[in-house]
Amino acid sequence: MKESSRIASLFDKLYNGDPWIDINLVSVLHSISAKEANKRPLPNCNTAWELTNHIICWRQNVLQRVQGEALITPNNNYFEPIGDCSVKAWEATLKKLALTQIQWLAFLKECKTGSLEKQYPTNEMTYYEHIHGIIQHDAYHLGQIVLLVKQL
């Protein structure tokens with residue numbers, strides 16, 4: 001099995017499978033309503049919705065990086081208040097996350113193992129490190145979302 005296939009398996013498990021951490025993004029995010037996703041049960045913390053948007057933006061950012069684009073991360077680090085708090089907007093957010101999953105799996109399917117050693121020019125980390133970093137990033141923020149949901 002090539003390395004990109006193993007990485008795709010990690011993406012799949014964390015997104016909607018049975019990862020080592022026993023929870024996945026889909027089961028947690030689909031278990032909460034738009035109203036719950038937008039609640040701030042802990043002061044000075046992001047909402048589950050804000051964290052979900054942050055996950056989406058970083059997934060898009062890193063995917064663009066490993067496809068050769070040099071990006072500047074915005075000062076807000078992709079944390080923005082939620083404007084439209086409707087059920088339809090929450091569903092659109094979950095669909096956007098699903099699209100990033102499809103895009104990542106498509107990229108990994110075509111990814112050549114040698115390209116994982118390429119370095120991203122602005123931080124000199126390999127594409128391999130970036131890809132594993134985004135998986136770790138997803139898991140980290142999923143844990144935060146679970147804590148927020150428990151506070152509701």
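In helix 5 (residues 87-110), the buried residues, meaning those under 20% relative accessible area with a 1.4 Å probe and protein chains only, are Ala 89, Trp 90, Thr 93, Leu 94, Leu 97, Thr 100, Gln 101, Trp 104, Phe 107 and Leu 108. These buried residues pack against helix 1, helix 2 (25-29), helix 3 (34-37), helix 4 (48-66) and helix 6, where contact means heavy atoms within 4.5 Å. Helices here are DSSP runs (H or I, at least four residues) numbered from the N terminus.

The model is predicted, with local features needing pLDDT of at least 70 and side-chain atom pairs counting only at pLDDT 80 or more, while totals for chains, interfaces and linings use all residues. Residues are numbered from 1 along each chain as its sequence is written, and side-chain values use heavy atoms, leaving out hydrogens and water.

Helix 1 (residues 3-16) packs with helix 6 (residues 127-151) at an angle of about 10 degrees, their axes, which are lines fitted to C-alpha atoms over the stretch in contact, being 11 Å apart. Helix 1 is therefore roughly parallel to helix 6, a term for angles under 35 degrees. Helix 1 contributes Glu 3, Ile 7, Leu 10, Phe 11 and Leu 14 to this contact, and among the residues of helix 6 are Tyr 128, His 132 and Asp 138.

Two loop residues that are not glycine have a positive phi, as tabulated below; exposed means over 50% relative accessible area.

| Residue | Phi | Loop | Relative accessibility |
|---|---|---|---|
| Asp 22 | about 70 degrees | between helix 1 and helix 2 | 64%, exposed |
| Asn 44 | about 65 degrees | between helix 3 and helix 4 | 83%, exposed |

Most residues other than glycine have a negative phi.

How values were computed:
Axes are lines fitted to C-alpha atoms, for helices over the stretch in contact, and angles run from 0 to 180 degrees between N-to-C directions. Helices (H or I, at least four residues) and strands (E, at least two) are DSSP runs, numbered from the N terminus. Angles under 35 degrees count as roughly parallel, over 145 as roughly antiparallel, 65 to 115 as roughly perpendicular and the rest as oblique.
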